[in-house]
Amino acid sequence: MKIMKFGGTSVGKPERMHHIAGLVTKETEPVIVVLSALSGTTNALVEIGDLIAKGDRVTAKQSIDKLEKHYQEFIAALVKNEASVVKARSIIAEHFEFLNIILRISFSEALSKDILAQGELLSTKLFCVHLEDQGIDHVLLPALEFMTIDHYDEPQIGSIKVKLTQLLKTHSKQKIFVTQGYIGRNARGEVDNLKRGGSDYSASLIGA
């Protein structure tokens with residue numbers, strides 16, 4: 001099993017995602033691909049969260065719309081088949097609907113972590129759509145199903161090992177797995193993250 005981690009710049013443009021797909025399919029052994037959010041996305045989501053926390057929902061809405069437009073332009077060059085385009089648009093609609101819903105509810109620290117998680121969720125799902133568009137067999141392993149941290153924000157290594165091993169065993173004949181870096185769940189079961197550099201940390205934990 002090989003772990004291949006790609007940061008935000010590596011997935012920041014459609015052609016770079018195309019390149020990653022080429023690298024992954026050249027591997028002769030099973031591979032887990034760990035992806036960060038598209039470059040610039042995490043910073044944009046931090047800004048959106050800060051604006052909502054300050055009560056500036058008008059500017060936050062403008063930032064959300066700007067980011068959504070970027071993703072719409074991104075998928076236009078990422079996938080070609082009509083079915084893939086429809087699927088990619090649906091993914092974007094789902095996640096930006098979530099961001100727009102947050103504009104209408106009370107802000108909290110837990111919600112801020114949910115906002116930040118959208119970047120990795122989008123990048124991995126869109127990458128999987130691209131793989132499907134190219135006829136490349138793969139499995140998406142949601143990091144929220146195995147990556148956990150304790151009350152001290154330290155990774156629960158034993159639990160991660162058990163949960164990840166079980167997920168991999170259900171797809172024992174699969175060779176390409178895709179998962180999110182950076183994000184996971186905390187001791188309360190809420191969406192959380194491994195802080196800056198978290199995707200490298202995710203890849204290291206998965207490798208271990």
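I'm counting a residue as buried when its relative accessible area is under 20%. I'm also keeping in mind that this is a predicted model.

**Entry 1: His95**

I went to His95 first and found it in helix α4, residues 82-102. Buried or exposed? His95 comes out at 5% relative accessible area, so I put it down as buried. Next I looked for a polar partner for its side chain and got the side chain of Gln118, at 2.6 Å. Leaving out residues up to four places away in sequence, I have His95 touching Gln118, Leu121, Leu122 and Lys125.

**Entry 2: Ser84**

I stayed in helix α4, where Ser84 also lies. Its relative accessible area is 8%, so Ser84 goes in the buried column. Which side chain does the Ser84 side chain make a polar contact with? I found Asp133, at 2.8 Å. With the same sequence neighbours left out (up to four places away), Ser84 touches Val79, Val129 and Asp133.

**Entry 3: the core**

I then pulled up the largest nonpolar core, which has 66 residues. Tyr71, Phe96, Phe127, Phe146 and Met147 are the ones that touch the most other members. Helix α5, residues 109-133, gives the most to this core, with 11 residues. Background note to self: in soluble globular proteins, nonpolar side chains tend to be buried together.

I picked Tyr71 for a closer look. Not counting residues up to four places away in sequence, Tyr71 touches Leu38, Thr41, Ile92, Phe96, Gly119, Leu122 and Leu126.

**Entry 4: helix α1**

I checked the length of α1, residues 14-25. Its 12 residues at 1.5 Å each should span 16 Å, and I get 17 Å between the end C-alpha atoms, which agrees.

Which residues of α1 are buried? I listed Pro14, Met17, Ile20, Ala21 and Val24. They cover an arc of only 110° around the axis, so they sit on the same side of α1. I followed what the buried residues of α1 pack against: β1 (2-6), β2 (31-35), α3 (57-78), α5 and β4 (176-180).

**Entry 5: the sheet**

Last stop was the sheet. In what order do the four strands run? I read β1-β2-β4-β3, an open sheet with parallel pairing. The edge strands are β1 and β3 (139-140), each pairing on one side only. I zoomed in on β3 and β4, which pair in the parallel sense over two bridges. For Val139, I noted Phe177 in β4 as the bridge partner.

Definitions and conventions
Residues numbered from 1 in each chain as written. Predicted model: local features only at pLDDT ≥ 70, side-chain atom pairs only at ≥ 80, totals over all residues. Heavy atoms only, no water. Core = buried A, V, L, I, M, F, W, Y, C linked by side-chain atoms within 4.5 Å. Buried < 20%, exposed > 50% of the residue type's maximum accessible area, 1.4 Å probe, protein only. Contact = heavy atoms within 4.5 Å. Expected span 1.5 Å × (residues − 1). Arc of directions from axis to C-beta. Polar contact = N/O pair within 3.5 Å; in protein donor to acceptor, adjacent residues only side chain to side chain. Pairing = 2+ DSSP bridges.
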